[in-house]
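Grab your viewer and work through these exercises at your own pace. Try each task before you read its solution.

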Amino acid sequence: MASGRMESKIETSHKLVFEKEGVYLHTNAKRSHQDTTIPGFIRIVERSGEPALEWSALEDEGRNAPAVFYTKKDGEGGVEDTNFDPGYEPDWAVISTVKRDRAGERPPVKETSQWSFSLPLSELYSLRRSRFSLGRNFLVLTSRGGHPLPPLHFHRGGTRELLRALQRYIILTPSPVDGRLFLACPHDSGALSQSFDELQLFDDGSSDLVSRFIQDPYATTFGGFSKVTNFFRGALRPPESPFHSRGPQDPHGPLPADDEPGFELINCGAELGPRPDVTRGPPLDKWEEFMDPEGRVKDPERIKELIFRGGITPSLRKDVWKFLLGFYPWNSTVKEREDILRVKTDEYFRMKVQWKSVSEEQEMRNSLLRGYHSLIERDVSRTDRHNAFFSGNDNPGLTLLNDVLMTYCMFNFDLGYVQGMSDLLAPLLFITQNEVESFWCLTGFMEMVHQNFEESQEAMKQQLLQLTLLLRALDPELLDYLDSQDSGSLCFCFRWLLIWFKREFSFEDILSLWEVLWTRLPCENFHLLMAASILESQRGELIGSDHDFNTILKHINELTMKLDLQTVLRGAEAIYLQLAACKELPGKVQEVIGLYVPPPSSDETSPESESHETQHLLSQSRTAATAASQSSNGVVAASRPPTTYP
């Protein structure tokens with residue numbers, strides 16, 4: 001049902017005033033730690049002249065529930081939900097992970113009858129309209145008795161229509177304390193002339209962008225709904241940041257038990273200034289001249305600058321990539337690299353033997369390994385098959401792809417294999433043409449992006465939020481338009497960020513793009529600037545068109561293989577320079593582009609720092625003084641300011 005239905009008779013004493021399908025409850029099945037969504041209908045029904053707001057579950061299995069974007073989960077026991085329809089390529093709806101079998105456990109039961117409710121509108125005390133971090137609106141209702149009702153998630157929109165329908169019976173008055181909270185009052189004769197627009201429910205002119213995309217931990221509302229509390233407190237609380245600290249407690253603000261994060265207004269009144277023209281340079285085509293007599297790279301930062309400006313000549317990629325991805329330290333000698341390769345080769349094959357020696361009978365009793373094996377086989381069979389290195393049946397390239405990914409599961413037990421990792425490995429294997437080297441390059445790549453593949457998806461949510469911050473600063477009109485079409489969450493960029501545009505550009509372009517991104521210049525979030533550049537390039541196509549959420553999604557997906565990489569890179573760098581030159585740039589945007597870097601915690605390591613294991617290998621062939629010098633150099637490289645561009 002695409003939109004709400006109005007005015008129909010159910011029975012003689014019942015009149016259906018409004019109905020909207022695709023309104024979900026999110027519950028948490030604690031025993032299996034799997035999120036559960038219950039689809040249903042929200043209705044306004046007059047019963048004997050008394051209007052009531054009702055929600056009931058979609059219990060008739062013959063009717064199809066609306067698609068749930070970004071909430072697909074593996075079925076209980078590791079069985080994939082084959083009926084899921086995200087509206088486009090299913091692989092990228094969410095992070096798919098392998099679940100442990102829970103033999104003997106019953107799957108979570110959706111006891112839908114326990115969630116259904118009916119609330120007379122005369123008993124409705126307040127309504128809170130918020131937006132989840134991936135863009136779906138939800139409402140939290142509270143009765144006059146102080147009891148919160150289950151939050152209602154509108155996966156396909158409809159909050160605006162529902163509020164219009166409620167206006168027939170009640171007046172929604174904005175709270176003087178919280179602009180997103182509305183108090184329900186009965187109609188009176190003077191209130192009938194108050195228009196829906198006067199309530200400013202959807203006026204974004206003065207609203208803070210962060211508060212529009214991340215709902216505050218409204219614990220007092222969720223407290224009575226114990227089965228939802230854990231989900232929301234974890235999913236809706238933004239990550240800790242110096243910018244999220246609050247000032248002195250407002251005596252009229254929310255209770256201190258769940259402080260709202262502090263918000264910085266990002267309506268970017270600051271004048272950004274002109275966007276500079278940017279030119280790209282030639283690729284790095286000399287390598288040996290950057291080596292000292294013992295084989296150390298003399299000026300790694302200069303090399304990174306050259307790579308960022310123009311990429312790498314194809315013939316040098318096999319050597320240079322191993323430095324960019326941390327397989328070899330920049331200041332290692334030729335002899336030390338030979339030692340590292342020998343040790344790393346032994347380590348790789350020890351891990352490979354671990355899974356290769358598992359018999360079929362053993363694997364049948366190891367659901368986790370069996371799940372990884374099955375998922376990897378499926379993904380390998382469809383990864384870059386157009387490339388000659390992986391095409392055809394019984395291709396040795398496919399065998400290598402499978403073996404490296406299975407061995408990575410032994411290397412990283414916590415993460416294992418997650419869908420999308422095969423896309424990251426394929427170019428590495430293509431360039432190195434070596435099983436061991438591609439594996440260790442993959443581990444270096446995963447050090448940069450492993451958070452993208454964590455099941456919580458917190459890193460992906462954070463990146464989508466950061467992209468929204470950038471777009472709000474760069475082009476608020478475009479973001480407002482997307483938001484008006486329920487696309488302000490930019491969820492259609494999910495795949496871009498997850499695997500760094502792997503499906504958006506040609507294979508050859510991806511080789512050039514990734515080596516640019518691996519330099520981490522001019523900031524670690526340069527991939528977000530690229531996404532902003534692409535979106536801005538589509539401004540004319542989007543604004544003023546008849547697009548809705550589905551057609552916007554379709555249009556963005558159809559950009560695949562139609563984008564010019566060099567144009568996008570120039571646009572992204574120009575955006576960075578434009579933002580960096582703005583003296584009044586909001587602090588949150590400064591943080592996104594690396595102009596402000598929060599101090600790292602004691603257990604964090606710089607993306608530029610070398611692994612402890614590699615340092616140990618180097619220390620075996622160096623004096624203590626040299627090792628100390630190496631450590632010092634590593635710190636300097638990590639804290640070196642971004643490149644100064646001409």
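## Backbone oddities

Trp500 sits in the loop between α15 (494–498) and α16. Keep in mind that the model is a predicted one.

**Exercise 1.** Find out what sign the phi of Trp500 has, and decide whether Trp500 is buried or exposed.

*Solution.* Start with the backbone: phi of Trp500 is near 50 degrees, a positive value in a residue that isn't glycine. That deserves a second look because most residues other than glycine have a negative phi. Next, check the surface: Trp500 has a relative accessible area of 3%. The cut-off for buried is under 20%, so Trp500 counts as buried.

**Exercise 2.** Now do the same for Asp394: where in the chain is it, and is it buried or exposed?

*Solution.* First, place Asp394: look in the loop between α9 (367–380) and α10. Its phi is near 55 degrees, again a positive value in a non-glycine residue. Then turn to the surface, where Asp394 has a relative accessible area of 78%. Exposed means over 50%, so Asp394 is exposed.

**Exercise 3.** Work out whether the peptide bond from Leu521 to Pro522 is cis or trans, and locate Pro522.

*Solution.* Read omega for the bond: the value is near -10 degrees, which makes the bond cis. Most peptide bonds are trans. As for location, Pro522 belongs to the loop between α16 (507–518) and α17 (526–537).

## Two helices crossing

**Exercise 4.** Describe how α7 and α10 are arranged, and which residues meet.

*Solution.* Step one is the geometry: the axes of α7 (residues 334–356) and α10 (residues 396–411) come within 8 Å and cross at roughly 95 degrees. Angles from 65 to 115 degrees count as roughly perpendicular, so α7 is roughly perpendicular to α10. Step two is the contact itself. From α7 come Tyr348, Met351, Lys352, Gln354 and Trp355, and they meet α10 residues including Asn402, Val404, Met406 and Phe411. Step three is to sort the contact by class: 7 residues are nonpolar, 3 polar and 2 charged.

## Residues and their neighbours

**Exercise 5.** Pick out Leu467: which helix holds Leu467, and what does Leu467 touch?

*Solution.* Leu467 is part of α13 (residues 458–474). With a relative accessible area of 0%, Leu467 is buried. Skip residues up to four places away in sequence, and Leu467 touches Leu490, Cys493, Leu528, Ala531, Ala532 and Leu535. For a spatial check, take Leu529: 62 residues separate Leu467 and Leu529 in sequence, but their C-alpha atoms are 7.7 Å apart.

**Exercise 6.** Which strand holds Ser143, and how many residues apart in sequence are Ser143 and Tyr125?

*Solution.* Ser143 lies in β7 (residues 137–143), and at 11% relative accessible area Ser143 is buried. Ser143 and Tyr125 are 18 residues apart in sequence, with 4.9 Å from C-alpha to C-alpha. Leaving out neighbours within four places, Ser143 contacts Leu119, Glu123 and Tyr125.

## The whole chain

**Exercise 7.** Sum up the chain: how many helices and strands are there, and what percentage of residues is buried?

*Solution.* The secondary structure gives 23 helices and 10 strands. Of the 646 residues, 54% are buried. Now look at contacts between residues at least 6 apart in sequence: 68% of them join residues at least 24 apart. Finally, the accessible surface is about 29,300 Å², with 50% belonging to carbon and sulfur atoms.

Key. Residues numbered from 1 in each chain as written. Predicted model: local features only at pLDDT ≥ 70, side-chain atom pairs only at ≥ 80, totals over all residues. Heavy atoms only, no water. Axes fitted to C-alpha atoms, helices over the stretch in contact; angles between N-to-C directions. Helix = DSSP H or I, 4+ residues; strand = E, 2+ residues; numbered from the N terminus. Parallel < 35°, antiparallel > 145°, perpendicular 65-115°, else oblique. Contact = heavy atoms within 4.5 Å. Nonpolar A, V, L, I, M, F, W, Y, C, P; charged D, E, K, R; others polar. Buried < 20%, exposed > 50% of the residue type's maximum accessible area, 1.4 Å probe, protein only. Areas by Shrake-Rupley, 256 points an atom, 1.4 Å probe, with all protein chains shown as cover.
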